[in-house]
Amino acid sequence: MAEGGEPSIRVPVPQDLHERGLVIVETDDREIVVLVEAGTLRAIDRWCPHEDGDLGEGMMFRGNIKCPVHGYIFSLTKGRCLNTFGMTARVYEVKQEGDDLVLTAVSQPMGRGL
Ligand code: FES
């Protein structure tokens, strides 16, 4: 169970996750970008909390991802936007358990577009 009561999400490990380094997984109510950075799994909601930019097309660097639309940068560990005030993306702690990934939200989306 995530902080704030949101249940963890369990999805099968996408077949090409490690080859591609980035995949989109879909659940009943959201799309999530799962990334591999230096062997570490990270995840963030696909749609940017600002104006729905596609973070699946974002640029990842040093534990952050940059939205391709307006360039806001989000921490993949905290969700916090690093270059504008008061905006947060939903990011997840990711654990692999057998053939599944368990995604546990560690932040909730917050920002102008919401
Ligand atoms: S839509 Fe992502 S920064 Fe504006």
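Where is the place of P7? P7 sits in the segment before strand 1, and that makes a handy starting point for a walk through this predicted model. From there, we can move on to an open sheet built by six strands, then look at how some of the neighbouring strands pair.

**Around P7**
- P7 counts as exposed because it has 9 C-beta neighbours inside 10 Å, and the cut-off for exposed is 12 or fewer.
- Ten residues along the chain from P7 lies L17, and the C-alpha atoms of the two are separated by 23 Å.

**The sheet as a whole**
- The strand order in the open sheet is 1-9-8-4-3-2, with antiparallel pairing.
- At the edges are strand 1 (9-12) and strand 2 (22-26), each of which pairs on one side only.
- From one strand to the next, the twist averages 30 degrees.
- As a reminder for reading the sheet, side chains in a regular strand alternate between its two faces.

**Strands 2 and 3**
- A hairpin of four residues connects strand 2 to strand 3.
- These two strands, 2 and 3, are antiparallel and share five bridges.
- If you would like a pair to look up, L22 has L35 in strand 3 as its bridge partner.

**Strands 3 and 4**
- Strand 3 (residues 31-37) also runs antiparallel to strand 4 (residues 40-45), and six bridges join them.
- Here, V36 stands opposite L41, which belongs to strand 4.

Methods
Residues numbered from 1 in each chain as written. Predicted model: local features only at pLDDT ≥ 70, side-chain atom pairs only at ≥ 80, totals over all residues. Pairing = 2+ DSSP bridges. Axes fitted to C-alpha atoms, helices over the stretch in contact; angles between N-to-C directions. Buried ≥ 20, exposed ≤ 12 C-beta atoms within 10 Å, placed from the backbone.
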